[in-house]
Amino acid sequence: MDGIIWCPAGDTQPDSLKHINCPIVLIDRALPDFDIVQSNYRKGGALLAEYAIKLGHKSVGLLSGPQKLESARQRREAFLDAIDGKLDIAWDMETSFSIDLSDAERHVLKENTASLIIAGND
C-alpha cells in the first residue's frame with residue numbers, strides 16, 4: 001500500500017496505526033503527528049449565510065453539530081458573524097453527527113418557526 005487517507009470519527013489514534021509504515025493523511029479532524037487536509041470552515045459558514053440572505057430567508061434554525069469539533073464550531077461562528085443582523089435565529093441547537101434526532105431537536109423542527117434549516121451534517 002502506498003498510503004492511507006483517513007477520516008477519523010473520534011479524537012484518538014488507534015494503536016494499530018503506529019505499526020503502519022506508509023504515509024497517512026487525515027481529512028477534516030486533526031490528530032497529533034499526522035498531516036491533514038481541511039476545508040475552510042469559516043468560509044463555508046459565511047457562504048451559507050450569504051446564500052440564505054440572497055434567497056430572502058428571514059428566520060433560520062441551526063442544527064450546528066458538535067461544538068467540541070473545530071469544523072462545526074468554525075462554521076457556526078462564521079455563519080453567525082456573516083448574517084450581521086440580516087437574519088433572525090429561530091433556534092440554535094448543538095447536535096451530534098447522527099441520523100437520530102433528540103426529542104428536543106424533533107420538537108423545534110415540528111414547530112416550523114424557521115424558513116430555512118442550516119445543518120452541520122447531511
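**Notes on the sheets, helix α2 and an aromatic pair**

1. Let's start with the open sheet: three strands in the order β5-β4-β6, paired in parallel. The edges are β5 and β6, each of which pairs on one side only. On average, neighbouring strands here are turned by 20° against each other, ignoring direction. Keep in mind that this is a predicted model.

2. Helix α3 (residues 103-111) packs on that sheet and touches β4, β5 and β6. Its direction makes about 160° with that of β5.

3. Looking at the β4/β5 pairing, you'll find five bridges joining the two parallel strands. If you want a spot to look at, Gly61 stands opposite Trp91 in β5.

4. Now for α2. With 14 residues (70-83) at 1.5 Å a residue, this helix should span 20 Å, and its end C-alpha atoms are indeed 20 Å apart, so expectation and model agree.

5. Which residues of α2 are buried? They are Ser71, Ala72, Ala78, Phe79 and Ile83. These residues cover an arc of only 140° around the axis, which means they sit on the same side of α2. As for what they pack against, the partners are α1 (41-54), β4 (59-63), β5 (88-93) and β6 (116-119). Right after the helix comes Asp84, with a positive phi near 45°.

6. Over to the strands earlier in the numbering. β1 and β2 pair in parallel over three bridges, with Ile5 bridging to Val25 in β2. Three bridges also join β2 to β3, again running parallel; here the partner of Ile27 is Val37 in β3.

7. β2 is worth a look for its two faces: Ile24 and Leu26 make up the covered one, while Val25 and Ile27 are on the uncovered one. For background, side chains in a regular strand alternate between the two faces of the sheet.

8. Last item: the structure holds one aromatic pair. Trp6 and Phe34 meet edge-to-face, at 5.9 Å centre to centre and with 75° between the planes. The two residues are 28 apart in the chain, so this pair links distant parts of it: Trp6 belongs to strand β1 (residues 4-6), whereas Phe34 lies in the loop between β2 (24-27) and β3 (35-37). Buried or exposed, these two rings' residues, Trp6 and Phe34? Both are buried.

Conventions
Residues are numbered from 1 along each chain as its sequence is written. This is a predicted model: local features need pLDDT of at least 70, side-chain atom pairs count only at pLDDT 80 or more; totals for chains, interfaces and linings use all residues. Side-chain values use heavy atoms; hydrogens and water are left out. Helices (H or I, at least four residues) and strands (E, at least two) are DSSP runs, numbered from the N terminus. The expected span of a helix is 1.5 Å times one less than its number of residues. Buried means under 20% relative accessible area, exposed over 50%, partly exposed in between (1.4 Å probe, protein chains only). The arc is that of the directions from the helix axis to the C-beta atoms. Contact means heavy atoms within 4.5 Å. Two strands pair if DSSP finds at least two bridges between them. Axes are lines fitted to C-alpha atoms, for helices over the stretch in contact, and angles run from 0 to 180 degrees between N-to-C directions. Rings of Phe, Tyr and Trp (its six-membered ring) pair if their centres lie within 6.5 Å; planes under 30 degrees apart count as stacked, over 60 as edge-to-face and the rest as tilted.
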